[in-house]
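Here is a report on the pockets, cavities and ligand contacts of a predicted model. Please look at the structure before reading on.

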Amino acid sequence: MKLYHHPISTYSQKVLIALYEKDLDFEREIVQLMDPEKRAVYREVYPMGKIPLLVDGEHRVPESSIIIEYIDRMGERRLIKGDADQQRKIRFKDRMFDLYLNEAVVTLLFQGMKPEEQRDAERIENAWHRIKTMYMFMENEFGGQDYANGDEFLMADCAAAPALLYAQKVAPFSEHKNIVAYWERLKSRPSVARTINEAAPYIEAMEKQAAA
Ligand SMILES: N[C@@H](CCC(=O)N[C@@H](CS)C(=O)NCC(=O)O)C(=O)O
């Protein structure tokens, strides 16, 4: 299997965490989406131009959640488990973290890198609404359970970790003690710690470039 990804990309991180949790072997290819030439080359592989993409023999599997569904049939460790209702709840939380936390956090991150006069106030306001709503929901949930779907780290937690990694920078959650405790639990997992370590030099370079 080969994963097209970038260590700094949140959706790539989500899949890397899943691959590490499941201890699966894979090749990696880093895709430099910021470089127009390299982006054009990658669009030959996947016309939508999005990362991550998993290629396994004849199968081309895009979309982080679908990649996790695909790899979840491999190995012993399951990231989507239980009966149909339990699985639906795992998918629901995964969607919530992707669509309403990750997307909103990334919006704030990219808007923050633009000169003030080019920022889109409506997008920023909408992102904040989603983040605050997610924080309310998460603070309540993590008061009663360790992970997104109970006491076990599953697919939705793979989605939450990258969003919280960047949220620390643009939408700090330090006043939400249950989210802080959840983030500490996530970071202490080898799969998440490894993904964060691999991203660290790229994040540092991006921050230096933004500050220059
Ligand atoms: N829904 C997709 C989102 C993937 C996505 O948006 N990836 C970003 C990087 S984190 C990307 O490829 N951005 C480049 C672009 O939108 O052209 C997934 O879950 O994999």
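## The loop with a cis bond

P52 sits in the loop that connects α2 with β3 (53–56). The peptide bond between I51 and P52 is cis. Its omega is about 5 degrees. Keep in mind that the model is predicted.

Both partners of this bond recur below. I51 and P52 are among the residues around the ligand. I51 also counts among the residues closest to the centre of the largest pocket.

## Ligand contacts

Which residues surround the ligand? They are S9, T10, Y11, L33, K50, I51, P52, E63 and S64.

Three polar contacts stand out for a closer look. I51 uses its backbone: an N or O atom there lies 2.8 Å from a nitrogen atom of the ligand. E63 uses its side chain, with a polar atom 2.6 Å from a nitrogen atom of the ligand. S64 also places a polar side-chain atom at 2.6 Å, here from an oxygen atom of the ligand. On its own, the ligand has 510 Å² of accessible area, and the protein covers 72% of it.

## The largest pocket

The largest pocket holds about 1300 Å³ of space. Its lining counts 36 residues, and S9, L33, M34, I51 and F110 come closest to the centre. Of these, S9, L33 and I51 are also found around the ligand.

Where does the largest pocket lie relative to domain 1 (2–71) and domain 2 (84–211)? Both domains give residues to the lining, so the pocket lies between them. Five helices supply at least two lining residues each: α1 (10–22), α2 (36–45), α3 (64–71), α4 (84–113) and α8 (190–211). The top contributor is α4, with nine residues. By class, the lining has 20 nonpolar, nine polar and seven charged residues.

## The largest cavity

Searching the whole structure turns up two cavities of 30 Å³ or more. The largest cavity has about 40 Å³ of space. Its lining consists of K93, F97, F137, M138, E141, F142 and A148. Two elements, α4 and α5 (121–141), give two or more residues to this lining. The greatest share comes from α5, with three residues.

How does the lining of the largest cavity divide into nonpolar, polar and charged residues? Five are nonpolar, none is polar and two are charged. Helix α4 thus appears in two places: it helps line the largest pocket, and it helps line the largest cavity.

## The second largest cavity

The second largest cavity has about 30 Å³ of space. Q13, I17, A161, P162, L165, V192, T195 and I196 form its lining. At least two of the lining residues come from each of α1, α6 (155–170) and α8.

This lining has six nonpolar residues, two polar and no charged ones. Two of its helices, α1 and α8, also supply residues to the lining of the largest pocket.

## A positive phi

One backbone angle completes the report. D23 has a phi near 60 degrees, a positive value in a residue other than glycine. D23 belongs to the loop between α1 and β2 (27–30). Helix α1, on one side of that loop, is also one of the elements that line the second largest cavity.

Methods. Residues numbered from 1 in each chain as written. Predicted model: local features only at pLDDT ≥ 70, side-chain atom pairs only at ≥ 80, totals over all residues. Heavy atoms only, no water. 1 Å grid on protein atoms, 1.4 Å probe; cavity = no way out; pocket = protein on both sides within 12 Å on 5 of 7 lines; lining within 4 Å. Points joined across faces, edges and corners; volume = space filled by probe spheres on them. Helix = DSSP H or I, 4+ residues; strand = E, 2+ residues; numbered from the N terminus. Nonpolar A, V, L, I, M, F, W, Y, C, P; charged D, E, K, R; others polar. Domains from an automatic or database assignment. Near = heavy atom within 4 Å. Polar contact = N/O pair within 3.5 Å; in protein donor to acceptor, adjacent residues only side chain to side chain. Areas by Shrake-Rupley, 256 points an atom, 1.4 Å probe, with all protein chains shown as cover.
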